[in-house]
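Biologist: I've got the sequence and the fold open on my screen. Can you walk me through it, one question at a time?

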Amino acid sequence: LGLALCAGSLCAASGAAWLYHDYCIIGAGPAGLQAAYFLQRAGRDYLAFERSHAPGSFFALYPRHRRLISINKQYTGKSNSEFNLRHDWNSLLSHDRRLLFRRYSRDFFPSADTMVRYLEDFASLLELRVQYNTAIIHVTLEKNEQAWNGHYFLLTDQDRKNYKCSSLLVAAGTWVPNVVNFPGSEYVEGYETVSVNPEDFAGQTVLILGRGNSAFETAENILGVTNFIHMVSRSRVRLSWATHYVGDLRAINNGLLDTYQLKSLDGLLEGDLEDLAIVKDKKGKLHITLRFYLENGNVSAGIDSITLPQDELDNFATRAPYDRVIRCLGWKFDFSIYNRSLRMLPGKGNIKKYPQIKPSYESKGTRGLFVLGTASHSVDFRKSAGGFIHGFRYTTRAVHRLLENRHHGVPWPSTAYPITQLTNSIIKRVNEASGLYQMFSVLADIILLRENATAFEYLEEYPIGILAELEMQTGRKARSGLFVIVMEYGRNFSGADKDVFYYNRAVGEAQHAWQSNFLHPVIYYYKRLPTEREMRLRPPDWPLPRPDAIHHIVEDFLTDWTAPNAHILPLRRFLENCLGTDLRSFFAESCFLFAFTHQKLPPFCQQGYVRMQGVVGSRELRQHAAQAGLLRDYTDTDSAGGRPPASHGGSREQLMRDPALPVPPLQHLGNAKDE
């Protein structure tokens, strides 16, 4: 009877209607909402599923003590909205200026409750299609040659309703608590349930397992009321200002380091948590011992029959009993809902809490399944900001652009410019682009040179891990060479053991720019698109293979790379050397003379002056050029002839037939403006 009922339910399920959408999004947190926004703007058929009654349910509970560590900088001294996003780590990308996070909070480290309200407004004001109270409990595949990727994704929710989609975007985050099992682990309280009322810890001795921001956040909350706090983890503390990784310990939570190093009872210890064991005595106190001491001991006989480390080593560090032990070990991805047919496997080593994905954010096991948001952090774990809102808002946009090209034939957005604008285009982007700045060494701007280097296409924020696939992924051609612009820290500047405050840590001269330590622009030049093999064999810690030429723009204390001599001039000369052309901007007088003395005009004259688009002379401009040393001052000569200097404000024909035009002597052919 049971088998018959089971078979009947399966038949009923198989015969149930499948609600179809081109795109399904699992999760309506920040990444899910960001993906929904781009799909909606593109007019695509999609639906997002959220298990809670509102978006951003993770932030309704976490962080437990309600203060975010993502900065919300109100003022930067700039009005450029793209630049200001460099220092706004909470806003999602949209066209609606009302949905900037600074309009919701003025706190530098805002409350998580504000984030919940912000996400609710983002979903409602933009009218995103989110189906709430829908927990997807099973995902499998259905082979079909007519489907975009050769299969459909079949989703089932908690009410046994079924959904079918051609492309699946997983934005469910990492929310399953990491738990370490050892003898006595049943006495451990989890970060997700422990009290946040400091008075509950008054006069107690506490051990915290873990060394991330959640552990230090918990310690910070009870620091003033406990007897002392000890913290144990397998690795040393990593400070974000040393590693330049925002997921490491932030200064806002590191009060315990002060009390440890300033001898105020609290302390940090290193050890493998799986080697620990906890024994509870008759008074309810928790004693820390090692697992191997329990192998031959009779645990049921009580603590008196168990050997403790202090029995052999009377100054054992954790010999004092604890009142409470709290687990703060972070979270991991929920793999349980995915059928084996999807081959959603965990990563290896320190990224085992994330699913395996390619640098394109597509699953390694299943075509058409993309992982977004925090769960996609394996691509840049401990390197960049891809696990946080201010990073994955850009990687989500990159994934959307990849999908637009793959499924809808919409090439990656690009802008075409004449080659004379090459230097200006790069300078503009490195000074204001937020995606390059936040996702350093992960997203890059790509400049595709057109034939004879007379023009170029500019593509913004492309994932450099798939540079070899650029033509296929973007619908753009790279036949005449390319430049790749990325932001990088110095090779040996970041690390848990690094002293980032040493003397002479900054480089100020352009000739030493390659030794820059702080975040700075780096331009790679390739005569042809690198191959996949070259990408695999690139040098360790290099984001890209060895280029044909490379240029570092020297680091700048103000992150303002507009200095004419230190930043712009070296960049322009590098570009000129790569292209074998002159990228300077000339006044009309110089272009006029080049036309009579040179077989080939510089690009600026070809594309400007010859087409009557050059900067022609006027009294004020001529005076300014003479004062700057760009042109010889002919004022005295003209005045001596009884005629005031002419104002050449007309066309090229007027300029050529004006008998008073002063022709510069031969040694001034190179006069140009480098600005």
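Biologist: Which strands does helix H10 lie across, and at about what angle does H10 run to S19?

Modeller: Keep in mind that this is a predicted model. Helix H10 takes in residues 389-408. The strands beneath your question are S18 (443-449) and S19, and H10 lies across both, running to S19 at about 120°.

Biologist: And which strands does helix H15 lie across?

Modeller: Look at residues 564-579 for H15. Its angle to S22 is about 175°. The strands H15 lies across are S18, S20 (482-488), S21 (520-526) and S22.

Biologist: What is the order of the strands in that open sheet, and which are the edge strands?

Modeller: There are 6 strands with antiparallel pairing, in the order S17-S19-S18-S20-S21-S22. From one strand to the next, the twist averages 20°. Two strands pair on one side only, and those edge strands are S17 (414-418) and S22 (549-552).

Biologist: Which residue is the bridge partner of Tyr417 in S19?

Modeller: S17 and S19 (residues 455-463) run antiparallel and are joined by 5 bridges. For Tyr417, the partner in S19 is Phe456.

Biologist: Now the charges. Is Glu461 buried or exposed?

Modeller: Glu461 sits in strand S19, and its salt-bridge partner Arg429 is in helix H11 (residues 422-432), 32 residues apart. The closest N and O atoms of that pair are 3.3 Å apart. Arg429 counts as buried at 8% relative accessibility. Glu461 has a relative accessible area of 2%, and since buried means under 20%, Glu461 is buried.

Biologist: Which residues do salt bridges with shared partners join into one network?

Modeller: The structure holds 22 salt bridges. The Glu461 to Arg429 bridge is one you've already met. The network is made of Arg397, Arg429, Asp445, Glu460 and Glu461.

Biologist: How many residues apart in sequence are the parts that Glu192 and Arg327 tie together?

Modeller: Their side chains meet in a salt bridge, 3.0 Å from N to O. Glu192 is in the loop between S8 (189-190) and S9 (205-209), while Arg327 is in S14 (residues 324-327), so the parts this pair ties together are separated in sequence by 135 residues.

Biologist: What about Asp113: what is its relative accessible area?

Modeller: Asp113 is in helix H5 (residues 112-125), and Arg66 is in the loop between H3 (57-61) and H4 (81-84). The two form a salt bridge, with the closest N and O atoms 2.8 Å apart. Asp113 is partly exposed, and its relative accessible area is 46%.

Biologist: Where does the largest nonpolar core lie?

Modeller: That core has 66 residues, and Leu155 and Leu168 have the most contacts inside it. Because both domain 1 (19-176 + 332-402) and domain 3 (416-579) give residues to this core, it lies between domain 1 and domain 3.

Biologist: How many residues are in the second, separate core?

Modeller: Its members include Ile427, Tyr458, Leu571 and Cys578. The count for this second core is 29 residues.

Biologist: Last one: how far apart in space are Gln606 and Thr420, C-alpha to C-alpha?

Modeller: Gln606 lies in helix H17 (residues 603-609). Gln606 is partly exposed, with a relative accessible area of 32%. In sequence, Gln606 and Thr420 are 186 residues apart; in space, C-alpha to C-alpha, the value is 9.8 Å.

How values were computed
Residues are numbered from 1 along each chain as its sequence is written. This is a predicted model: local features need pLDDT of at least 70, side-chain atom pairs count only at pLDDT 80 or more; totals for chains, interfaces and linings use all residues. Side-chain values use heavy atoms; hydrogens and water are left out. Two strands pair if DSSP finds at least two bridges between them. Helices (H or I, at least four residues) and strands (E, at least two) are DSSP runs, numbered from the N terminus. Axes are lines fitted to C-alpha atoms, for helices over the stretch in contact, and angles run from 0 to 180 degrees between N-to-C directions. Contact means heavy atoms within 4.5 Å. A salt bridge is a side-chain nitrogen of Lys or Arg within 4 Å of a carboxyl oxygen of Asp or Glu. Buried means under 20% relative accessible area, exposed over 50%, partly exposed in between (1.4 Å probe, protein chains only). A nonpolar core is a set of buried Ala, Val, Leu, Ile, Met, Phe, Trp, Tyr and Cys residues joined through side-chain atoms within 4.5 Å. Domain bounds come from an automatic or database domain assignment.
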